[in-house]
Amino acid sequence: MASVFIHVDARPAVASLYVDGAQVGATITAPQSQSAWLSLPSTSVSASAAISVQVRTGTSGSGYVKVYSVHGDLTPPVTPPVTPPATPPATPPATPPATAPATPPATTPATTLGQPGNWATTPIPSGVALATGAAPNGTPLTTAVPLELAGQATADSWVNRTAYTTKIFYVPVNTPLQPVRLCRYNGQCIPNWGSPTYDLWRAAMGESNAATFNATTGKPVSDQYIGGGIPITSTVTASPGNDREAVICRGGGDSGTPPWVASNADGTPFTRPDGQLIEGNCWEVFGLAPDPTYNPSLPISSSNTQWMMEWGARRTGFIAQVGASPVSTTDPLDTLSGAYARPVAPSWYGPDVATPGAPNSTTFDSVWGVTAARTPLLTDVVSQSDCQAVLSGAADFGHAIGIQLQGTRNPVTGTGGTAWWPAGSSDGTSPSVATTEGMRVFFRPNIAMPSGLSAAGRALFQTLQRYGAVVDDTTGGGPALSYATDGSYQSGGALMLRSELDATGTGPCATLGVGSALTGIPWTQISGPIAMGSDSNPNPNPAS
């Protein structure tokens, strides 16, 4: 398959595939006034064939046409996929016993959270730089943000365990994908949304997707479902509450199979030049619900979907550390960073990096995801495996965690957008508070852990001291916010932490007593925010 990535202004443009000088398939019209990948026809070629892509532009309109990249894959013939049966997957995995979370297998979510150097899994260095900006009233951020966070935590705080959080499901690595209908805003489905949705289609889609786009609007013409789909099995359920969330990962955890690993065309594992593998294939979904139009007497298909969702993202391509050799930082891949992985060298990112939706694609878009900040839901929650690790002797939860506040700031001034890296967006509504979604806070090494904390509280304190927390969403509940005469935060609000859903109260987090984790945490001694980092420099030092 061949594809071309081009940018088109307000003038017509088309692309064609040529083999040995002869055009193959139909000419593809490029959508105007945007950048996009155009998928060209698949065809059989000989080893000596001359393959080219021709892009032509008309003389009407204005602006220019730029060709950024051309990508092609040579793959052996494959057997057409079989339509999944009405009750997917074809071979449903056995439902894990109720005690399974308490004794996870050797492969745990910690192996797929991110590469060394990732902001969520790298300890905060002692000399990390703090933000130098000021709140709207002129107070330094390093003063205003800790005061706001401590004030909201004091006003009210709790751990969500049975609703408005997510369950992390691990399904066998070979679980087939099934189409899922994309519907939002009182049942309106693609293509009836008021804004282009091809980015969400691209972010969450899977194998063998082919959507037709309107050349003028850039919206999918008939793509009302998430591409090749999501690996939903009979064990997957949405969380209670209006959010109806779920995280679904292929392989790893308690799936009974190793994690998904990017592969070459011949099926062998893809290896980067530095000897590392790329693993991890997870979907996070919001608003997951049964599709009322589903007909169980017919096979599941794009016109007969069993499930529908409102929002979500496909996260794939985490680095797997192999052996003792260090991971190269020359051309790293970090899909937890909140940045779109643009087409780059296939030798580093895998053969399908520039083919969104392909089996081994490692691209995603930072503006999609379940948390308002678009940071990964997988690292937002304290998972059952995190709690089991602590019960087994670990001092902390192993990664930065997400916290939610009643009041966060939006819009952001002085940062060129509405989010603070690693966030990709924000749902804050206050124009005058200092705390912005994406800001990271932590306890300095010299802050002593208070006596009397519960086991969960000790693990949380040491997590905040080693990895910190990221403000990634807002929450309801708690006393109403009140403001000073200059518009700055004065009192009220709430702070929330999410633990992985445990409806029965029998999992490792219940055994650890995670509900007490926030009790006694000395929020008045929190430091931050950390200076805004980047993919290549997540924890800036004072000299950077």
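**Figure 1. Aromatic pairs in the predicted model.** In this predicted model, the count of aromatic pairs comes to 2. The rings of Phe-443 and Phe-461 have centres 4.9 Å apart. Their planes meet at 25°, under the 30 degrees that marks stacking, so this pair is stacked. Phe-443 sits in the loop between strand 17 (440-441) and helix 6, while Phe-461 belongs to helix 6. The two are 18 residues apart, and their pair links distant parts of the chain. Phe-443 is buried, with a relative accessible area of 0%. Phe-461 is buried too, at 1%.

**Figure 2. Phe-443 and Trp-523.** How far apart are the ring centres of Phe-443 and Trp-523? The distance is 6.4 Å. The planes stand at 35°, so the pair is tilted. Trp-523 lies in the segment after helix 7, 80 residues from Phe-443. This pair also links distant parts of the chain, with Phe-443 in the loop between strand 17 and helix 6. Both Phe-443 and Trp-523 are buried. Together, Phe-443, Phe-461 and Trp-523 form one aromatic cluster.

**Figure 3. Helix 6 and its surroundings.** Helix 6 covers residues 455-466, which makes 12 residues. At 1.5 Å a residue, a span of 16 Å is expected. The end C-alpha atoms lie 17 Å apart, which agrees. Which residues of helix 6 are buried? They are Ala-456, Gly-457, Ala-459, Leu-460, Phe-461, Thr-463 and Leu-464. Phe-461 is also the helix 6 member of the stacked pair with Phe-443. The buried residues of helix 6 pack against two helices, helix 5 (384-391) and helix 7 (508-512). They also pack against strand 16 (401-405), strand 18 (469-474) and strand 21 (495-498). Just after helix 6, Gly-468 has a positive phi of about 80°.

**Figure 4. Helix 5, a largely enclosed helix.** Of the 8 residues in helix 5, 6 are buried, so the rest of the structure largely encloses this helix. The buried residues are Gln-384, Ser-385, Asp-386, Cys-387, Gln-388 and Val-390. What do they pack against? Their partners are helix 6 and helix 7. Just after helix 5 comes Gly-393, with a positive phi of about 125°.

**Figure 5. Strand 12 and its partner, strand 11.** Strand 12 runs over residues 277-286. Here 9 of the 10 residues are buried, so strand 12 is largely enclosed by the rest of the structure. Strand 11 (residues 246-250) pairs with strand 12. Is the pairing parallel or antiparallel? The sense is antiparallel, over 4 bridges. Within this pairing, Val-247 stands opposite Glu-284 of strand 12.

**Figure 6. Two cis peptide bonds.** One cis bond joins Trp-421 and Pro-422, with omega at about 15°. Pro-422 is in the loop between strand 16 and strand 17. Another cis bond runs from Gly-528 to Pro-529, where omega is near 0°. Pro-529 is found in the segment after helix 7. Trp-523 of the aromatic cluster lies in that segment as well.

**Figure 7. Positive phi at Tyr-164 and Arg-374.** Tyr-164 is not a glycine, yet its phi is positive, near 55°. The residue lies in the loop between strand 7 (157-160) and strand 8 (168-171). With a relative accessible area of 35%, Tyr-164 is partly exposed. Arg-374 also has a positive phi, near 65°. Its place is the loop between helix 3 (346-349) and helix 4 (377-380). Is Arg-374 buried or exposed? Arg-374 is buried, with a relative accessible area of 12%.

**Figure 8. Confidence along the chain.** The mean pLDDT of the protein is 74. A value of 70 or more is reached by 63% of the residues. Where is confidence highest, and where is it lowest? Helix 6 is highest, at a mean of 98. Helix 2 (residues 198-204) is lowest, at 46. Over residues 73-114 the pLDDT is below 50, and the model gives this stretch 72 contacts beyond near neighbours in sequence. Residues 191-199 also stay under 50, with 24 contacts beyond four places in sequence. Where pLDDT is low, the predicted coordinates should not be read in detail.

Key. Residues are numbered from 1 along each chain as its sequence is written. This is a predicted model: local features need pLDDT of at least 70, side-chain atom pairs count only at pLDDT 80 or more; totals for chains, interfaces and linings use all residues. Side-chain values use heavy atoms; hydrogens and water are left out. The expected span of a helix is 1.5 Å times one less than its number of residues. Buried means under 20% relative accessible area, exposed over 50%, partly exposed in between (1.4 Å probe, protein chains only). Contact means heavy atoms within 4.5 Å. pLDDT is the predictor's confidence in each residue, from 0 to 100. Rings of Phe, Tyr and Trp (its six-membered ring) pair if their centres lie within 6.5 Å; planes under 30 degrees apart count as stacked, over 60 as edge-to-face and the rest as tilted. Two strands pair if DSSP finds at least two bridges between them.
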